[in-house]
Amino acid sequence: MARLTPMMEQYMATKAQVPDALLFFRLGDFYELFNEDAVTAARELEITLTGRANGGVGGDERTPMCGVPHHSAEGYILRLVEKGYKVAICEQTEEAGAAKGIVRREIVRVVTPGTVMEQKGLQAKANNYLASVVEREGSFGLSFCDLSTGELLVVEHDSEQKMLDEMLRHQPAEIIVPFGEKTTPHAITLRDLLACVLTEGLEKTHNLARASEVLLSHYGVMTVDSFGLANRPQALCAAGMLLAYLDVTQKRNLNHLKMPAYITSDEYMTIDSFSRRNLELVETLRDKGKHGSLLGLLDETVTAMGGRLLRRYVERPLANRERIEQRLDAVEELYKNLLLRDDIRQLLDAVYDLERLVARVSYGSANARDLQAIGSSLAVLPSLKGRLESAGAPLLKELGQRIDNFDEIVDLIERAIVEEPPISVREGNVIRDGFDEYLDTLKTASRDGKRWLAELEQQEREATGIKSLKVGFNKVFGYYIEVSKANIQYVPETYERKQTLTNGERYVTPGLKEKEALILEAEEKMVDLEYQLFCQVRDAVSEILGKIQEAAESIAAVDVLQSFATVSIRRRYKRPVLNNDDRLYIEEGRHPVVEAMLKGEPFVANDTLLNTAENQIALITGPNMAGKSTYMRQVALIVLLAQMGCFVPADRAEIGIVDRVFTRIGASDDLAGGQSTFMVEMVELANILHHATPRSLIILDEIGRGTSTFDGISIAQAVVEFLHQSPKVGAKTLFATHYHELTTFTESFAGVKHYSTHVQEQGDSIVFLRKILPQAADRSYGIQVAKLAGLPEEVLARAREILVDLEQGGHGHETKPRIAEAANTPVSVAAPSKPAKPTAQLSLFDAAEHPVVDELRKLDVMRLTPLDAMNLLYQLHQKAREE
Ligand SMILES: Nc1ncnc2c1ncn2[C@@H]1O[C@H](COP(=O)(O)OP(=O)(O)OP(=O)(O)O)[C@@H](O)[C@H]1O
Ligand SMILES: [Mg+2]
């Protein structure tokens, strides 16, 4: 086999360090990729794949290669990372001239989806999390780190479901699992569910001893007690493994990482991932966009930091009354005091993304423009602080107090950095005149030299009489005097010829050479010195990192509060009243998002009353399209908004603090997750029935719709009974259904109230009035709605025919529903899937010795029509209750 060139040998050795990353190998002004990496990159980036004959593997084979210019590499790298690749960047780490033999090259950083620092690769108003997870005997430790803001969070959970929920809430771009555990069932579930990159941690870094060591040395503390994580071994392991990974991929100081903060849950309301999705809190179900979600509606934040925090508030409303009231007090003040709100919004408008800017400073990637942005942002803070401290609401005052004084650093940056600095910090023109004496001397020398040159042109023109004589500069020959061909005969003896052009000659003179040396030396020194001075300023910022981060947190919180106030005013929201009892009372409530989306027609407001006694379950029936789902979501969203600390779309809202919101809304297929509609529905339902408490709010929309009618009704009925009877549950519930039979079945239930959405019939059509009335509906008007949707007239006519037929029970064999043919005994209808609570589930049919059992036995189920079956079931039920 042919030998590799020394360069390719170096490449191969470097590549062996990062087998799972694409290696960007610096060669002069390009980053080159070879072999498999080149094939992948050329395909993904749509750049030309070339070959290097004999350069690599040797023989006749050509080594595939492709490359990108180093100055435009960032865009290419980010595109690859966005597609889920990791990119290792290998630089020349010594000057080409200094090297004996081949120049030294080293990997300086590995960019992965979870460790992007570049502004272009990040969304301003969203965090970019790198997560890690370890599991031990059913206990999960998780950590989340946003490298671009310096945040580090940890938490432990005792079930896979909670672990997955936590992951779904943070939507990490990359998850680290322990070494060798990439194919465990947990890992596979994570990969499929989150569709993110899964990375293995370094060997052994997830064991407690090693993980603690990593954490202690990173934060320079003596014991893990400093993190308050002494009893959280799994959380420690997760955080240690994550830090160790950051260490090898980033290869630099990560001082901007804050201490690990434990995610507490008792302060917050629990919203599982299904409900977060169903209620469209941060993105819509349909196109996964922010527009049309609750977050989209609420986002009147001015800063990126506020935008990121708002997302968190929306996903984690509070459950602690004091804290909610604190926020509401602040929002109320901003709501009422227009001047204060406007001032604050204006001041915030001048604040850049301090959190990410200082992270870049500490990371070493900030340029002069970043420092300038930090300076001008910090310059606004005294006014902001003053405004906040003068406010009446304690929370606003406190946020003001948390902003420190930054006069010194603001002054330093202002004095140091020129008005419009270039992107590069290595090519000069960064530092202002008057900032450094020596730099000024150099600048004068260079400026004088240049003036001398400018004057030289004039002088020489006069001396030689050559009008077109020019003084110029190029990188190879330095300064020169250029004379066109026609004038060569006038050139004096003192000129020394340097270069011949097609239509002229270039010369130098001893005087010119001397000045040139002076100018070039001064310029070289200037550039070096400017870089040094820039670094000094950057380090000065780095030293007060913690103070800036704290101010940034304060700014984010103020921004969210003003955003709540701004939206509340625009949408005419009212302050909710919170208490610790079990009542939920809403007067004239509206759906915040539907209301905002409706164009022209007004949104019809509705009332709600729920408690754990006689108004525990609201059973809502009514035609399609009449507004059942909207109404139920609106109740949940009003509760969530109130507990976030925002005003609510209602004339009056009294809210007994809710611990969890559960929803089961619509039929959302999870084909990618390999589950059918019905299965998804049942999984979500099981989750609700297992976890609801008397303080919970449950929204059930057409439970059982995904299966045959009888199965569906049976499940729906059993669920209502379970929620109603189980003392452990007793949760406030809104339940919409098309199974009108349920209203009859539940007539005698003390805690069930019947409601319906009101419509008016107008001949063949209907008009939706959108009003919720306290009575059950009797019809579905499905065909009328189908007509509104534009179904062909033949289909509608036939549907009407069949409906009449069904209602009279006079149809033939072919229209039998599946269930009637499949089931052999009615009892199987009552046990459709694993019962949540057998006693509640069986209460309809639980009568082994009862006379109706005999009647049941005699039935010919195969010959029953659905309607007959329903009627019969009703009669049997009545009989059973009479006995
Ligand atoms: N209170 C309201 N005021 C004005 N428009 C409303 C109101 N409620 C609902 N709507 C409008 O009616 C549409 C249908 O409402 P929704 O989906 O809640 O009906 P539904 O009763 O759940 O129907 P289905 O039984 O088919 O699920 C909504 O998209 C919205 O545009
Ligand atoms: Mg609906």
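In this predicted model, residues 24 or more positions apart account for 69% of the contacts in the protein with a separation of 6 or more, where contact means heavy atoms within 4.5 Å. Because the model is predicted, local features need pLDDT of at least 70 and side-chain atom pairs count only at pLDDT 80 or more, while totals for chains, interfaces and linings use all residues. Residues are numbered from 1 along each chain as its sequence is written, chains are lettered from A and ligands numbered from 1 in the order in which they are written, and side-chain values use heavy atoms, with hydrogens and water left out.

**Exercise 1. Get the overall picture.**
Work out how many helices and strands the protein has, and what box its C-alpha atoms fill.

*Solution.*
- Step 1: start with secondary structure. There are 31 helices and 27 strands, taken as DSSP runs (helices H or I, at least four residues; strands E, at least two) numbered from the N terminus.
- Step 2: take the principal axes. Along them, the C-alpha atoms fill a box of roughly 130 × 75 × 65 Å.
- Step 3: look at the surface. The protein exposes about 41000 Å², and carbon and sulfur atoms supply 51% of it; areas come from the Shrake-Rupley method with a 1.4 Å probe, and for residues only the protein chains shown count as cover.
- Step 4: look at burial. Of the 883 residues, 51% count as buried. Buried means under 20% relative accessible area, exposed over 50%, and partly exposed in between (1.4 Å probe, protein chains only).

**Exercise 2. Find the nonpolar cores.**
Identify the residues with the most contacts inside the largest core, and the helix that gives the largest share of that core.

*Solution.*
- Step 1: fix the term. A nonpolar core is a set of buried Ala, Val, Leu, Ile, Met, Phe, Trp, Tyr and Cys residues joined through side-chain atoms within 4.5 Å.
- Step 2: pick the largest. It has 114 residues, and Leu-294, Leu-298, Ile-374 and Phe-406 have the most contacts inside it. Helix H19 (residues 545-570) supplies the largest share, 13 residues.
- Step 3: check for another. A second, separate core has 31 residues, including Met-117, Leu-147, Leu-152 and Ala-244.
- Step 4: zoom in on Leu-298. Beyond four places in sequence, Leu-298 touches Leu-310, Val-314, Ser-563, Phe-564, Val-567, Leu-641, Met-644 and Cys-646.

**Exercise 3. Map the surroundings of ligand 1.**
Which residues come nearest to ligand 1, and which atoms of the protein pair with its oxygen atoms?

*Solution.*
- Step 1: list the shell. Of the 16 residues around ligand 1, Val-604, Met-625, Lys-628, Ser-629 and Thr-630 come nearest; a residue is in the shell if one of its heavy atoms lies within 4 Å. H21 gives the most to this shell, with three residues.
- Step 2: go through the polar contacts (N or O pairs within 3.5 Å; within protein, one must be able to donate a hydrogen and the other to accept it, and residues adjacent in sequence count only if both atoms are side-chain atoms). A polar side-chain atom of Lys-628 sits 2.7 Å from a ligand oxygen, a polar backbone atom of Met-625 is 2.8 Å from one, and for an N or O atom in the side chain of Glu-702 the distance is 3.4 Å.
- Step 3: add the burial. Taken alone, ligand 1 exposes 630 Å², and the protein buries 79% of that.
- Step 4: place Met-625. This residue lies in the loop between strand S21 (617-621) and helix H21 (628-644) and is in contact with Phe-768, Arg-770 and Val-785, leaving aside neighbours within four places in sequence. Met-625 is exposed because its relative accessible area is 52%.

**Exercise 4. Classify Gln-643.**
Is Gln-643 buried or exposed, and which backbone atoms does its side chain reach?

*Solution.*
- Step 1: locate Gln-643. Its place is in helix H21.
- Step 2: classify. Gln-643 has 0% relative accessibility, so this residue counts as buried.
- Step 3: find the polar partners. Polar side-chain atoms of Gln-643 lie 2.7 Å from the backbone oxygen of Leu-318 and 2.8 Å from the backbone nitrogen of Val-658.
- Step 4: round out the neighbourhood. Among the contacts of Gln-643 beyond four places in sequence are Met-269, Ile-324, Leu-578 and Ile-655.
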